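Visitor: Could you take me slowly through one part of this molecule, the nonpolar core and what surrounds it? I would like a connected account rather than a list.

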Amino acid sequence: MIYSNQNYTLLRKPNGIASTFGGQQSILDYFEDSQQLQTILNNSDFDQYQSYCYLDGYTKQNADTFLHNQTTQFTKEQEYGLLNRLDNDTGGFLYFAKNIESYQFYKEQQHKWTIQKMYLAEVHGNPFFTSKEKILTIETPIMHHRSDDQKMIVVTDEKDKIQWRWEPHHVSTTIELISYNQERNTSLLHVLIHKGIRHQIRIHCKSIWAPIVGDKLYGPKTPISDTLHLRSIGMK
């Protein structure tokens, strides 16, 4: 599905597809064929999360109108106005600027870290089972894994800064409990971040023993789902 207001457009990316050009097929690679793009969007399983999405002021838009605007206002090098990226396995909204002014304004706010990004995540267990509080901020720094290019790790000790690659990313992830499913032993969380580092939500959830359901990289070896239950639901 595609939603649009005066300055920005939200495109619902299914999980399993890259956000931008690279080593595998991305959502941007479908911009030359509106029918193919529409087929991809219609195959998304995002509808069950629709009630949580931040869509005030947005209206539905067809693929032809969206593609015409993005491919005439922006170049391929500008990623057709793309403003944010999601992990390949993460579904949810990609944001696009509709004009250069909106594009530049967003980039300025992004540089100032004033943009809030919101997600829904279903995780194993209940990270609040020992606490009366239902909200938690995780601020453990994140680094790249030394020997596995696919993974990130949290920095819990000074020695980690020597053992792992590059400098640590100092980021925060705030999670809030929406509901707990006792039968599945899973929790639905509302997640808020200001700056997105690769796998930030996934590795922060794992660090508190609540990996995301369906996360084959950081989750248990016997997941209860083959699909990563992490969805981008809005920005402000």
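**The core and its surroundings**

Guide: In this predicted model, the largest nonpolar core has 34 residues, and those with the most contacts inside it are F31 and L37. The elements that each give two or more residues to this core are the helices α1, α2 and α5 (200-207), together with the strands β4 (91-97), β5 (117-124), β10 (173-181) and β11 (186-193). If we leave aside its neighbours within four places in sequence, F31 is in contact with L11, L37, F66, L67, Q70, Y80 and F96. Apart from this core lies another one, of 19 residues, among them F93, A97, Y103 and M118.

Let us turn next to two of the helices. Helix α1, residues 34-42, packs with helix α2, residues 63-73, at an angle of about 120 degrees, and their axes are 9 Å apart; α1 is therefore oblique to α2. Their crossing is right-handed, and the contact is made by S34, L37 and Q38 on the side of α1, and by A63, D64, F66 and L67 on the side of α2. Sorted by character, the residues of this contact are four nonpolar, two polar and one charged.

Y80, one of the residues that F31 touches, is found in the loop between α2 and β4, and E79 has its place in that loop as well. Phi of Y80 is near 55 degrees, a positive value in a residue other than glycine, and phi of E79 is likewise near 55 degrees. Most residues other than glycine have a negative phi. Y80 is buried, with a relative accessible area of 11%, and E79 is also buried, with a relative accessible area of 15%.

Notes: Residues are numbered from 1 along each chain as its sequence is written. This is a predicted model: local features need pLDDT of at least 70, side-chain atom pairs count only at pLDDT 80 or more; totals for chains, interfaces and linings use all residues. Side-chain values use heavy atoms; hydrogens and water are left out. Axes are lines fitted to C-alpha atoms, for helices over the stretch in contact, and angles run from 0 to 180 degrees between N-to-C directions. Helices (H or I, at least four residues) and strands (E, at least two) are DSSP runs, numbered from the N terminus. Angles under 35 degrees count as roughly parallel, over 145 as roughly antiparallel, 65 to 115 as roughly perpendicular and the rest as oblique. A crossing is left-handed if the near helix is turned anticlockwise from the far one by less than a right angle, and right-handed if clockwise. Contact means heavy atoms within 4.5 Å. Ala, Val, Leu, Ile, Met, Phe, Trp, Tyr, Cys and Pro count as nonpolar, Asp, Glu, Lys and Arg as charged, and the others, Gly among them, as polar. A nonpolar core is a set of buried Ala, Val, Leu, Ile, Met, Phe, Trp, Tyr and Cys residues joined through side-chain atoms within 4.5 Å. Buried means under 20% relative accessible area, exposed over 50%, partly exposed in between (1.4 Å probe, protein chains only).
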